[in-house]
Amino acid sequence: MTTTNANVTGTARLNLAKAAPRVFRALVGFDAAAREGLDPALVELIQIRASHLNRCAYCLHMHTNDARKAGESEDRLHMVPVWREARHFFTEREQAALALTESVTLVADGGVPDEVYGEAAAWFDERELAHILSLILTINTWNRVALATGKVAGTDERR
């Protein structure tokens, strides 16, 4: 018997949590470990930006809602996709994290430039940088899971 999700078109797709529970739990554990010690607002900004770039509506909806619950302003949420043109909405530290998020997410487009990595390393200590990088890796994985399995925006399954 196959465990499935119905995506937006109604096509049945795999439910990874049910079909491969150990894999799913490992990813949840990786995600939890990546967040440790990071500012929750920064965590959400990173997840939102990667989800924009990956065009993952499911994760974007989930993380904008999480950011609002954490007290993030609508103004800042609206500016995340255009943060370079709206830098005054974000601290230099947040800008460095957003730039790193973009480079890692779009790694096939030119790698992670030394200047982007260097700017992030200037704002975050080694431990923080390791956790930020890990968080970027996890959200990119979650985006791919959601897109591949047909998750529908607005159906947050964590509840």
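Biologist: What keeps the sulfur of Cys-59 and the closest cysteine sulfur from forming a bond?

Modeller: In this predicted model, the closest cysteine sulfur to that of Cys-59 belongs to Cys-56, at 3.5 Å. A disulfide requires the two sulfur atoms to be within 2.5 Å. The value of 3.5 Å does not meet that cut-off, so the pair is too far for a bond.

Biologist: How many disulfides does the count come to by this rule?

Modeller: The count comes to 0 disulfides. Seen from Cys-56, the closest cysteine sulfur is that of Cys-59, 3.5 Å away, which is too far for a bond.

Biologist: Why are Cys-56 and Cys-59 called buried?

Modeller: Buried means under 20% relative accessible area. Cys-56 has a value of 1% and Cys-59 a value of 3%, so both residues fall under the cut-off. Cys-59 also belongs to a nonpolar core of 11 residues, together with residues including Ile-139, Trp-142 and Ala-146.

Biologist: That core of 11 residues is described as a second, separate one. What is known of the largest nonpolar core?

Modeller: The largest nonpolar core has 25 residues, and those with the most contacts inside it are Ile-46, Leu-100, Phe-124 and Ile-132. At least two of its residues come from each of helix 3, helix 6, helix 7 and helix 8. Helix 6 gives the most, with 6 residues.

Biologist: Which residues does Ile-46 touch, leaving aside those up to four places away in sequence?

Modeller: Ile-46 touches Ala-97, Thr-101, Ile-132, Leu-135 and Ile-136.

Biologist: Leu-135 appears among these contacts. Why does Leu-135 count as buried?

Modeller: Its relative accessibility is 0%, and buried means under 20%; Leu-135 therefore counts as buried. Leu-135 lies in helix 8. Apart from residues up to four places away in sequence, Leu-135 touches Ala-34, Arg-35, Leu-38, Val-43, Ile-46 and Gln-47. Further along the chain by 10 residues is Val-145, with a C-alpha atom 15 Å from that of Leu-135.

Biologist: What makes helix 6 mostly covered?

Modeller: Of the 14 residues in helix 6, 12 are buried. Among them are Glu-94, Leu-98, Leu-100, Glu-102 and Val-104. The buried residues of helix 6 pack against helix 3, helix 5, helix 7 and helix 8. Helix 6 runs over residues 92-105 and reaches 20 Å between its end C-alpha atoms, close to the 20 Å expected at 1.5 Å a residue.

Biologist: How do you know that Glu-94 counts as buried?

Modeller: Glu-94 has a relative accessibility of 10%, and the cut-off for buried is under 20%; Glu-94 is therefore buried. Beyond its neighbours within four places in sequence, Glu-94 is in contact with Leu-42, Leu-45, Arg-76 and Phe-89.

Biologist: Why is Arg-49 called buried?

Modeller: The relative accessible area of Arg-49 is 9%. Since buried means under 20%, Arg-49 meets the definition. Arg-49 lies in helix 3 and, not counting residues up to four places away in sequence, touches Val-80, Pro-81, Trp-83, Leu-98, Thr-101 and Glu-102.

Biologist: What makes the pair formed by the side chains of Arg-49 and Glu-102 a polar contact?

Modeller: The distance between them is 2.8 Å. A polar contact is a pair of N or O atoms within 3.5 Å, one able to donate a hydrogen and the other to accept it. The value of 2.8 Å falls within that limit, so the pair counts as a polar contact.

Biologist: How do you know that the span of helix 2 agrees with its number of residues?

Modeller: Helix 2 has 15 residues, 21-35, which at 1.5 Å a residue should span 21 Å; its end C-alpha atoms are 21 Å apart, so the two values agree.

Biologist: Why are the buried residues of helix 2 said to line one face of the helix?

Modeller: The buried residues are Leu-27, Asp-31 and Ala-34. Viewed down the axis of helix 2, they fall within an arc of 65°, so they line one face. An α-helix has 3.6 residues a turn, so residues three or four places apart point the same way. Helix 3 and helix 8 are included in what covers the buried residues of helix 2, while Arg-22 and Arg-25 are exposed on the other side.

Biologist: Why is Val-28 called partly exposed?

Modeller: Val-28 lies in helix 2 and has a relative accessible area of 39%. Buried requires under 20% and exposed over 50%, so the value of 39% places Val-28 in between, as partly exposed.

Notes:
Residues numbered from 1 in each chain as written. Predicted model: local features only at pLDDT ≥ 70, side-chain atom pairs only at ≥ 80, totals over all residues. Heavy atoms only, no water. Helix = DSSP H or I, 4+ residues; strand = E, 2+ residues; numbered from the N terminus. Expected span 1.5 Å × (residues − 1). Buried < 20%, exposed > 50% of the residue type's maximum accessible area, 1.4 Å probe, protein only. Contact = heavy atoms within 4.5 Å. Arc of directions from axis to C-beta. Core = buried A, V, L, I, M, F, W, Y, C linked by side-chain atoms within 4.5 Å.
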